[in-house]
Amino acid sequence: MDKKIYLLEDDKSIAELVKCALEMSNLQVTCFETVSTFLAATEGCMPAVALLDIMLPDGNGLDVLAKLKQKSPSTGVIMLSALGQETDKVKGLNLGADDYIAKPFGVLELAARVNALLRRFAPVASIVRGDLSLDEDTMTATLRGAKLELNNKEFNLLKYLMQKEGKALTRENILNAVWGYDEGETRTVDNHIARLRKLGIDYIETVFGVGYKFVYRE
């Protein structure tokens, strides 16, 4: 995923202002006025960061947020809305928004927040813990010199655990980060953990009453 920015905003004057400000920061911005055109674009290419208005002519930005995070948890999302009530902000953040800016806003501040999200979600080319290594560029994992046969979810699950090394993670944490939703069948997590362990990855500990954590031991 490159540093492509998608802006979903039906007010053309605001869209043009945001586009100009971000392009001055050497960011590539594509503007959309409707939910349908925005979602169609994500079928072909996911953005690094999405800027979403809430009130739109053919839908609601919060619904778009939920779909986007389910499809691509690694996409950063900033909500842009004239709805400044605390309940609206809380709903957006609970759905997975990474930031929320109420209109009117300063474009320089917006550019700074976008760049902060880009740094936060910048991919790490590789993660190495002793005899276990992950390469994000090729989506491959190697254990004691042998390549592991992992599907996409298994790879992302292992990556998330390794990135959060030593931290106890609830099944809900893991579901949200890897599958893109907060509530669901937690047995899904258990089954995927069991699969990783069968492959010989014995650095994943069960934290009883909580979930799991990755602990590297030499």
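**Entry 1: two loop residues**

I started at methionine 46, which lies in the loop between α2 (35-44) and β3 (49-53). This is a predicted model, and I kept that in mind on every page. Is methionine 46 buried or exposed? Its relative accessibility is 18%, so methionine 46 counts as buried, the cut-off being under 20%. I also looked up its separation from lysine 147: the two are 101 residues apart in sequence, and their C-alpha atoms are 28 Å apart in space.

Next I picked glutamate 185, in the loop between α7 and α8. Glutamate 185 came out as partly exposed, with a relative accessible area of 48%. From its C-alpha to that of arginine 171 I read 9.3 Å, with the two positions 14 residues apart along the chain counted as their separation.

**Entry 2: aromatic rings**

How many aromatic pairs does the structure hold? I found five. I wrote down the geometry of tyrosine 6 and phenylalanine 32: the ring centres are 5.1 Å apart and the planes stand at 70°, so I filed the pair as edge-to-face. The cut-off I needed there is a plane angle over 60 degrees. This pair links distant parts of the chain, since tyrosine 6 sits in strand β1 (residues 4-8) and phenylalanine 32 in strand β2 (residues 28-32), 26 residues apart. Tyrosine 6 and phenylalanine 32 are both buried.

Then I turned to tyrosine 203 and phenylalanine 214, another edge-to-face pair, with 5.8 Å from centre to centre and 70° between the planes. Here too distant parts of the chain are linked: tyrosine 203 is in the loop between α8 (187-198) and β13 (204-207), while phenylalanine 214 is in strand β14 (residues 211-214), eleven residues apart. I checked burial for each partner. Tyrosine 203 is buried at a relative accessible area of 5%, and phenylalanine 214 is buried at 0%.

Back at the first pair, I noted one more ring: Tyr6, Phe32 and Phe38 form one aromatic cluster.

**Entry 3: helix α3**

Which residues of helix α3 (residues 61-71) are buried? I listed Gly61, Leu62, Val64, Leu65, Leu68 and Lys69. They cover an arc of only 150° around the axis, so they lie on the same side of α3. On the face turned away from that buried side I found the exposed residues Lys67 and Gln70. I looked at the start of α3 as well, where a side-chain oxygen of asparagine 60 comes to within 2.7 Å of the backbone nitrogen of leucine 62.

**Entry 4: cysteines**

I looked for disulfides, and the count is zero. Cysteine 20 is in no disulfide, and its nearest cysteine sulfur belongs to cysteine 31, 8.9 Å away. Why is there no bond between them? The sulfur of cysteine 31 has its closest cysteine sulfur at 8.9 Å, in cysteine 20, and that is too far for a bond; the cut-off is 2.5 Å. I jotted down accessibility too: cysteine 20 is partly exposed at 35% relative accessible area, and cysteine 31 is partly exposed at 32%.

**Entry 5: strands**

I traced an open sheet of three strands, in the order β12-β14-β13, with antiparallel pairing. Which strands stand at its edges? β12 (169-170) and β13 do, each with a single partner strand, so one side of each has no neighbour in the sheet. Between β13 and β14 I found four bridges in the antiparallel sense. Within that pairing, glutamate 205 has lysine 213 in β14 as its bridge partner.

I also followed strand β8 (residues 126-129), which pairs with β9 in the antiparallel sense over four bridges. Valine 128 has serine 133 in β9 as its bridge partner. β8 and β9 make a hairpin with two residues between them, and glycine 130 in the turn has a positive phi of about 60°.

**Entry 6: the largest nonpolar core**

I closed the day with the largest nonpolar core, which has 26 residues. Those with the most contacts inside it are Leu132, Leu158, Leu161, Ile174, Ile201, Ile204 and Phe214. The elements giving two or more residues to this core are β9 (132-135), β10 (140-143), α6 (152-163), α7 (171-179), α8 and β14. Which element gives the most? That is α6, with six residues. I was glad to meet Phe214 again here, after noting its edge-to-face pair with tyrosine 203.

Terms used
Residues are numbered from 1 along each chain as its sequence is written. This is a predicted model: local features need pLDDT of at least 70, side-chain atom pairs count only at pLDDT 80 or more; totals for chains, interfaces and linings use all residues. Side-chain values use heavy atoms; hydrogens and water are left out. Rings of Phe, Tyr and Trp (its six-membered ring) pair if their centres lie within 6.5 Å; planes under 30 degrees apart count as stacked, over 60 as edge-to-face and the rest as tilted. Buried means under 20% relative accessible area, exposed over 50%, partly exposed in between (1.4 Å probe, protein chains only). The arc is that of the directions from the helix axis to the C-beta atoms. A polar contact is a pair of N or O atoms within 3.5 Å; within protein, one must be able to donate a hydrogen and the other to accept it, and residues adjacent in sequence count only if both atoms are side-chain atoms. Two strands pair if DSSP finds at least two bridges between them. A nonpolar core is a set of buried Ala, Val, Leu, Ile, Met, Phe, Trp, Tyr and Cys residues joined through side-chain atoms within 4.5 Å.
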